[in-house]
Amino acid sequence: MNLNALNLLESLRAEWEAGTLHFKERRLLLLDANFLGLLRKKLVSVCGLSETRNIVGFLGYAYGYQAALAVQELCGLERKESLWQAWAHLYAQQGFAAVKPLSCTFDEKTRYFAAEAEFINSYEVEQHLLHLGPSDRSVCWALTTYATGFASAMMGREVIFIEKECIGRGDARCYIKGRTDFMQWSEGVEFAKEYYKGQDFESVRQWTRTTTAEARELIHALERERERVRTLESQVYYLQEASNEQYRPNEMVGAHPSFQKVLRDARTVAASDATVLIQGETGTGKELIARFIHAQSERRKRPLITVNCAALPAGLVESELFGHEKGAFTGALQRKLGRFEIAHGATIFLDEVGELPLDTQAKLLRVLQQGEFERLGGTQTLKVDVRVLAATNQPLQKLVEEGKFRADLFYRLNVFPLSLPPLRERGNDLVLLVNYFAQKYRARFRKQITSVSVSSLEALKQYHWPGNVRELEHIVERAVLLSEGEVLTIDPPLGKSQVISPTPGVEAGHFVSLEEMERRYIEAVVRHTKGRVAGKGGAAEILDINASTLRSRMKKLGLL
């Protein structure tokens, strides 16, 4: 571990408007040392010196134990020598005292640890002398037990430090010494007997064991509670994200028989919990149909949880769907809930399901068949009740034949297939959609549009619409934004070069496949953007798809 990287000030997260300051997930306070000195003085007057020492020692132990856990989380589990150096580093950065290490011994096999050090400019000595005067015993109670707690958490077993010399009692220095086998350490036992003179030593020893055990349990309980809060925060984040995408029934525009049949079938299947596979070209409205089904279902009181499988990096797909445990992989600093766990009791929509890696497909199949999974890096089997809606613009049967998609998963998803017709096959629905989008964006952009140019509608009817309804919406949106009069004029995308004959798929008297049509259109768009795929004005923006998805599609179509 590079101690220069352990810069406490740089690791702090300040949220001034909220009035909070955090180191990792632990809230910190900036306090005047005099405040702690006055608190010590008041405790002594109320509780007595002995009980005050016990209270301050308990708090020091707990603070040191938590600090070790935070450092391990921040810097990773490395050599004990490096971790122990972090203890001294943190002391100085928090203003407690400077630490001068004198010796340190480790034995990995026996887990033996021993160390000694000096405190320089101890804040406890300063405050004790200021408010209580010189003492006949050492006064660095919190600093010593902080070292005890830190070392105990670091070693995974009890380590006890004692302050053998202290400026607060007239010594020349503040000197601590500690080791793991304290009760077998004659020097430590003799010190404790002298320190607790007048008290029953066995009672003191038992109290120490009980108190440190209670401190550890309290700290671990706090860690469990903090983990629970993080889990709830994760769940709230996902649910807020899902609730932002509200279903809008007025967008189900279309009178063509093929589209109306899809709506009838969607209403029928919505009443059940059957898995639905929604197929159709890019931009035909697959997510809108999924939201329509969810809105008609018994699960409509819960948000629809959506996952765009094509937008997830291959290495994070499993974590996103099923979650991960803390430490499951590099960067997994805390437990994360997956989308399936968030969707318990609700519906999950897997868009572009054909993009899932084969190993993730096997785990998805298990969820569909048995309703169970494990988080990445975990061993606990989780049971969920989730309805699955999936969508794809790829021919899954062909992918099955090519070995790119599991046949058993395809059959499990294909319980109730819905196939959305492309816009070019929906006849006069194009006119209905143009008018709907024109009204929608007229209100948003505060335009005075009253009608749409007839010539524009005729030109739009001749266009192939490879981007379907989504492409049409964006074309109308841009036209409304740029319009200046009452009559809206809309130009087909890319001019007349992409206008087709009234019969879809026919060019120069011969038929071409949809894949070939898609290849030609993408090629034309990329040529129009001069090879620019991503970013503002790029092909991905024009086609309204993720840039990585477009590159993947171009590779499949032989354009890369």
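Okay, so a nonpolar surface patch: Leu29, Leu31, Phe35, Leu36 and Leu39 make one of about 480 Å². A patch here takes residues with over 30% relative accessible area and no salt bridge, with nonpolar side chains (Val, Leu, Ile, Met, Phe, Trp, Tyr) joined within 5 Å and like charges within 9 Å. The areas are Shrake-Rupley ones with a 1.4 Å probe, and for residues only the protein chains shown count as cover.

Keep in mind that this is a predicted model, where local features need pLDDT of at least 70, side-chain atom pairs count only at pLDDT 80 or more, and totals for chains, interfaces and linings use all residues. Residues are numbered from 1 along each chain as its sequence is written, and side-chain values use heavy atoms, leaving out hydrogens and water.

Now, salt bridges, meaning a side-chain nitrogen of Lys or Arg within 4 Å of a carboxyl oxygen of Asp or Glu. The whole structure has 22 of them. Let's look at Glu320, which pairs with Lys336 at 2.9 Å, N to O. Glu320 also has a salt bridge with Arg339, where the closest N and O atoms are 3.3 Å apart.

How buried or exposed are these three? Glu320 counts as buried because its relative accessibility is 13%, and Arg339 is buried too, at 8%. Lys336, at 23%, is partly exposed. The cut-offs: buried is under 20% relative accessible area, exposed is over 50%, and partly exposed is in between (1.4 Å probe, protein chains only).

Last one: Arg366, Glu372, Glu374 and Lys383 are linked in a salt-bridge network. Within that, Glu372 and Arg366 have their closest N and O atoms 3.0 Å apart.
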